[in-house]
Amino acid sequence: DFSNLYARDLLPAKNGEEPTMQFLLEVVEILTNYVRKTFDRSTKVLDFHHPHQLLEGMEGFSLDLLDQPESLEQILVDCRDTLKYGVRTGHPRFFNQLSTGLDIIGLAGEWLTSTANTNMFTYEIAPVFVLMEQITLKKMREMVGWPDGEGDGIFSPGETPPNSFKRRTISPSTWVSALFMSLYCKRHSHFSIKKASATLGFGTENLILLKTDQRGRVIPDDLEAKVIDAKRKGYVPLFVNATAGTTVYGAFDPINEIADICEKHNIWLHVDGAWGGGLLMSRKHRHKLSGIERANSVTWNPHKMMGVPLQCSAVLVRERGLLQGCNSMCAGYLFQPDKQYDVTYDTGDKAIQCGRHVDIFKFWLMWKAKGTEGFEQHIDRCLELSTYLYQKIRNRDGYEMVFEGEPQHTNICFWYVPPSLRGLRDVEERRQRLHKVAPKIKAMMMESGTTMVGYQPQGDKVNFFRMVISNPAANRSDIDFLIDEIERLGQD
Ligand code: ABU
């Protein structure tokens with residue numbers, strides 16, 4: 001009974017050990033029950049409520065913060081209900097995001113990380129984690145194909161910081177002339193490229209968008225023409241982003257052809273492999289990133305295709321020492337040069353932020369537990385499953401594919417056309433009505449809590465579903481379920 005116990009009764013309180021252990025065991029019970037149910041297909045993916053409902057408070061669960069402490073009994077209810085009203089992203093039928101799944105070893109790693117509760121800035125306070133990060137980054141650079149895994153790198157949250165490191169690593173002396181530089185990416189690139197361009201002072205107007213083919217891949221001739229045009233106007237073409245696995249179409253740019261242009265015009269080549277980087281682990285699929293070894297820098301998020309718990313994002317740089325050279329600020333209270341150990345292991349000064357969460361341990365632990373082979377099997381399985389979905393719907397009544405041909409990644413983009421729209425001749429009316437179909441089906445899916453899949457418009461294309469598979473728990477029956485559910489909810 002925790003109703004008369006409060007946080008002040010737990011360690012470090014006198015006699016706090018027993019209640020602390022009991023309380024933590026209760027929490028573990030809540031968490032393990034949640035894990036068990038997550039993999040049970042009869043459990044819903046979510047129990048949807050509108051924001052105003054959650055803000056008004058559910059029975060026994062209020063988000064309000066009070067002046068007086070609440071009992072540990074209430075705190076345990078809050079833990080249970082926080083999970084209850086959340087989304088089970090590890091559920092085999094959760095397909096909504098690029099990052100899905102609930103890896104048990106990764107979860108154990110995250111629990112350990114929180115228990116250790118340290119910061120990645122120095123070897124002094126994170127000796128084991130700093131070394132794990134060095135070793136893992138080297139393995140990742142080897143997978144990229146840089147000789148002996150040489151180079152530099154760091155784990156840093158999300159996409160925008162990893163995709164932002166590049167400017168600071170290009171040439172410190174050129175930062176001031178950002179206005180006369182041009183950067184290149186395509187409309188299909190992740191929005192973090194545009195955000196990085198704005199945040200770093202280049203301005204979005206200096207980010208030149210490239211044409212793509214119908215599959216969303218950069219057309220190299222368009223890149224070269226735009227580089228030549230910018231030079232003629234007196235701009236300095238500085239940076240090109242090639243994407244290995246776009247967010248919506250899962251497209252892989254032709255890196256080798258882009259690298260030829262970058263080398264010819266002395267432009268920094270960054271490969272955003274946040275989503276597609278995981279394919280480097282697969283002997284069958286790594287050819288899709290052919291040429292990545294010619295990049296100057298690479299973003300790779302193991303929390304996406306490799307199923308590492310959020311978050312886990314790395315930026316890799318080909319030139320050794322470059323991150324330290326560009327980002328180091330030598331804060332005297334952290335990075336004292338006269339410590340008793342080799343201070344080159346105080347790697348935090350390479351980052352653009354100061355405090356840095358330990359994102360490495362869960363990834364390192366998963367790599368240990370699965371081996372490279374385990375990641376390879378996971379990647380190959382997800383791609384096989386997406387082929388299953390593609391083959392199932394490409395000629396099925398009521399489905400239209402957004403682009404022709406076999407998808408390159410696990411992204412399957414399609415429209416579901418309800419029976420009443422199938423014979424409609426008026427093209428504009430059909431477009432307008434089709435635009436409303438995916439949001440309507442998605443809303444009903446969320447209300448019934450059975451599955452989740454994303455949708456979006458893109459360019460001149462009205463709302464379509466984007467199915468992505470990164471969840472190791474999903475199998476063919478879950479794909480069949482999704483299609484049945486779309487058809488059930490999509491009835492006129
Ligand atoms: N980095 C963006 C991921 C978006 C998504 O999960 O769909």
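**Exercise 1.** Which elements are included in what covers the buried residues of α15?

*Solution.* The model is predicted. Start with the residues themselves. In α15, Asp478, Ile479, Leu482, Ile486 and Leu489 are buried. They span an arc of only 105° around the axis, so they sit on the same side of α15. Now look at the cover. It includes two helices, α11 (360-393) and α14 (437-448). It also includes the strands β1 (94-95), β10 (412-416) and β11 (452-458). Last, turn to the face away from the buried side. That face carries Arg476, Ser477 and Asp484, which are exposed.

**Exercise 2.** Check the span of helix α15 (residues 476-489) against 1.5 Å a residue.

*Solution.* Count the residues: there are 14. The expected span uses one less than that number, times 1.5 Å. This gives 20 Å. Next, take the end C-alpha atoms. They are 20 Å apart, so the two values agree.

**Exercise 3.** Trace the order of the strands in the open sheet, then find its edges.

*Solution.* The sheet has five strands, in the order β1-β11-β12-β10-β9. Their pairing is mixed. The edge strands are β1 and β9 (399-401), as each pairs on one side only. Step in from β9. Three bridges join β9 to β10, and these two run antiparallel. Across this pair, methionine 401 stands opposite phenylalanine 414 in β10.

**Exercise 4.** Describe how α11 and α14 lie on the strands.

*Solution.* Take α11 first. It lies across β9, β10 and β12 (461-467), at about 30° to β10. Then take α14. This helix packs on the sheet and touches β10, β11 and β12. The direction of α14 makes about 160° with that of β11.

Key
Residues numbered from 1 in each chain as written. Predicted model: local features only at pLDDT ≥ 70, side-chain atom pairs only at ≥ 80, totals over all residues. Helix = DSSP H or I, 4+ residues; strand = E, 2+ residues; numbered from the N terminus. Buried ≥ 20, exposed ≤ 12 C-beta atoms within 10 Å, placed from the backbone. Arc of directions from axis to C-beta. Contact = placed C-beta atoms within 7 Å. Pairing = 2+ DSSP bridges. Axes fitted to C-alpha atoms, helices over the stretch in contact; angles between N-to-C directions.
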